[in-house]
Amino acid sequence: MVCLPFARCRLASGLAIALVWVVALPSYAGDEPVSLDQAIRLGVAQAPLLTARDADIEAAREEAVRAGRLPDPSLTFGVSNYPVTGPGAFRLDADTMTMRTLGVAQDIPSHASREAERDLADAQIVAATAERTVTAQNVREQIAEAWIELWAAQQKRDLLAALREQSGLAVRLTQARLRGGEGSATEALAARADAASLDNRLAGVEAELAAAQAGLQRWLGQPVTMLGDAPDFDRLPVAPTQLEQTIDRQAPMQAWQAREEVAQAALTQARAAKRPDWSVSASYGRRAPGLSDMVMLQVGVSLPLFTRNRQDRGVSAKQAQRDAVQAAHEDARRAQREAVARTVANWRGWGGQIARYRDTLLPLGRDRATTALAGYRGGGSLQPWLDARRDEIELRLTYADALATHARLWAALAYLLPDAEATP
């Protein structure tokens, strides 16, 4: 395709690139189930924080292009040997040495200074890239937490809604026994109060669902009505032993390595300040008619002779800053190793508790309530069922909270390594 008007060609090319970018972005129809992986892909693709980090990287790259280059030359012009006293005062042609000058000067920093400036700029690119990695990890984890919050609220709603049928049965039984003259009004009222309390709990869970939907909508841009199947929170995409052996490659630690490189580059730049800088200047002087014009050429060099209280102080300061970064890096490494070990231990512990809830405690609570209601139907008291029902509700709410805690611990471990290393 040939575009004659250059501006129109650039506009068409820009529109084409924008169209490709929009088409390439993941999309969400709004009424489809959203899995955890899909939510993370959608959220990361449109996260403003990552756009900001990309802009930081681009800014660092632009700065690196100009790093180490010679400064702009300077143009000089004026009058030299201009008389201001005597018979020829304030005249350009009164003295043979008077001339109008035009020149150019160029400062030339030392090769070591320019190389150190380039190294510092490269280190800034590495630091900006590391910050983006950390931000991406935080964004993925926050999206996962928002998805898990909504998933846990749905689990809680389903666990409580499953108790409605038995509550309705209890209300009907108490009313039937009351009409038959065998029951009491107190038991009938207690059964109705229990059903109303359950409805009240469900209303609170519905509010939690709405709040969780708002949290996930922040990342996806539109409300989510259905969630896809949850991943297996009992299995990490990266083995715990691998996490313990890859502390330095984990996203929170990558920024520290970049900070060390920046500090080292700043130290190298301070040391380069002890090297002499050069300057070159040339000027052309035009004298009065009949006299020879003159040319001046000068070369200058800085003399860093007294470095004890100047450059050496700067070197010492930058070296102390580098040592501080290294010490802080080691402390962060130890803290990260401890955090990973603690999170793995808690994740495993909650996994065992959830299995016990699922295999033992929940079936026992359900059987206890069912047995107590059957005893009431056979002529017994309603109080054992009320006690069993209260305990079962609390047990199911505790189980839902355990599910959420276990899933959040899973998310905290699953996204520690960058995408390239954490493959489910």
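Which side chain meets Glu-394 in a salt bridge? It's Arg-201, and the gap from N to O is 2.7 Å. Keep in mind that this is a predicted model. The pair links distant parts of the chain, since Glu-394 lies in helix H10 (residues 383-414) and Arg-201 lies in helix H6, 193 residues apart. How covered up are the two partners? Glu-394 is partly exposed, at 36% relative accessibility, and Arg-201 is partly exposed too, at 31%.

That salt bridge has company: a search of the whole structure turns up 22 of them. Take Lys-156 and Glu-208, whose closest N and O atoms sit 3.3 Å apart. Lys-156 belongs to helix H4 (residues 111-161) and Glu-208 to helix H6 (residues 185-220), so this pair ties together parts that are 52 residues apart in sequence. Lys-156 counts as buried because its relative accessibility is 12%, under the 20% cut-off. Glu-208, at 37%, counts as partly exposed.

Now hop over to helix H9, where the partners are neighbours along the helix. Glu-330 and Arg-333 are 3 residues apart there, about one turn of the helix. Their side chains meet in a salt bridge of 2.4 Å, N to O. Glu-330 is partly exposed at 30% relative accessibility, while Arg-333 is buried at 16%. This pair also belongs to a network of salt bridges that links Asp-248, Glu-330, Arg-333 and Arg-334.

Next, have a look at helix H5, which covers residues 164-179. Ser-167 sits in this helix. Is Ser-167 buried or exposed? With a relative accessible area of 3%, Ser-167 is buried. Its side chain makes a polar contact of 2.6 Å with the side chain of Arg-389. Setting aside neighbours within four places in sequence, Ser-167 is in contact with Asp-194, Ala-195, Leu-198, Trp-385 and Arg-389.

Arg-177 is in H5 as well, and it is buried, with a relative accessible area of 14%. Beyond its neighbours within four places in sequence, Arg-177 is in contact with residues including Glu-182, Tyr-376 and Gly-380. Here's a nice case of the chain coming back on itself: Arg-177 and Arg-377 are 200 residues apart along the chain, yet their C-alpha atoms are separated by 8.7 Å.

Time for the strands. Strand S1 (residues 74-80) and strand S2 (residues 99-108) run antiparallel, joined by 7 bridges. If you want a spot to look for, Thr-76 has Gly-103 in S2 as its bridge partner. S2 then pairs with S3, again in the antiparallel sense, over 10 bridges. Here Leu-102 stands opposite Tyr-284 in S3. S3 goes on to pair with S4 through 8 bridges, and these two strands run antiparallel. Trp-278 stands opposite Val-301 in S4. The hairpin of S3 and S4 has 6 residues between the strands, and in it Gly-290 takes a positive phi near 90 degrees.

Finally, these last two strands take us to the surface. Trp-278 and Val-301 both show up in a nonpolar patch there, along with Val-280, Leu-297, Val-299, Leu-303, Leu-305 and Phe-306. Together the patch residues have about 870 Å² of accessible area. S3 (278-287) and S4 (294-301) each supply at least two residues of the patch, and S4 gives the largest share, with 3. Leu-305 sits in the loop between S4 and helix H9 (311-377). Leu-305 counts as exposed because its relative accessible area is 59%, over the 50% cut-off.

Definitions and conventions. Residues numbered from 1 in each chain as written. Predicted model: local features only at pLDDT ≥ 70, side-chain atom pairs only at ≥ 80, totals over all residues. Heavy atoms only, no water. Patch = residues over 30% accessible without salt bridge, like charges linked within 9 Å, V, L, I, M, F, W, Y side chains within 5 Å. Areas by Shrake-Rupley, 256 points an atom, 1.4 Å probe, with all protein chains shown as cover. Salt bridge = Lys/Arg side-chain N within 4 Å of Asp/Glu carboxyl O. Helix = DSSP H or I, 4+ residues; strand = E, 2+ residues; numbered from the N terminus. Buried < 20%, exposed > 50% of the residue type's maximum accessible area, 1.4 Å probe, protein only. Polar contact = N/O pair within 3.5 Å; in protein donor to acceptor, adjacent residues only side chain to side chain. Contact = heavy atoms within 4.5 Å. Pairing = 2+ DSSP bridges.
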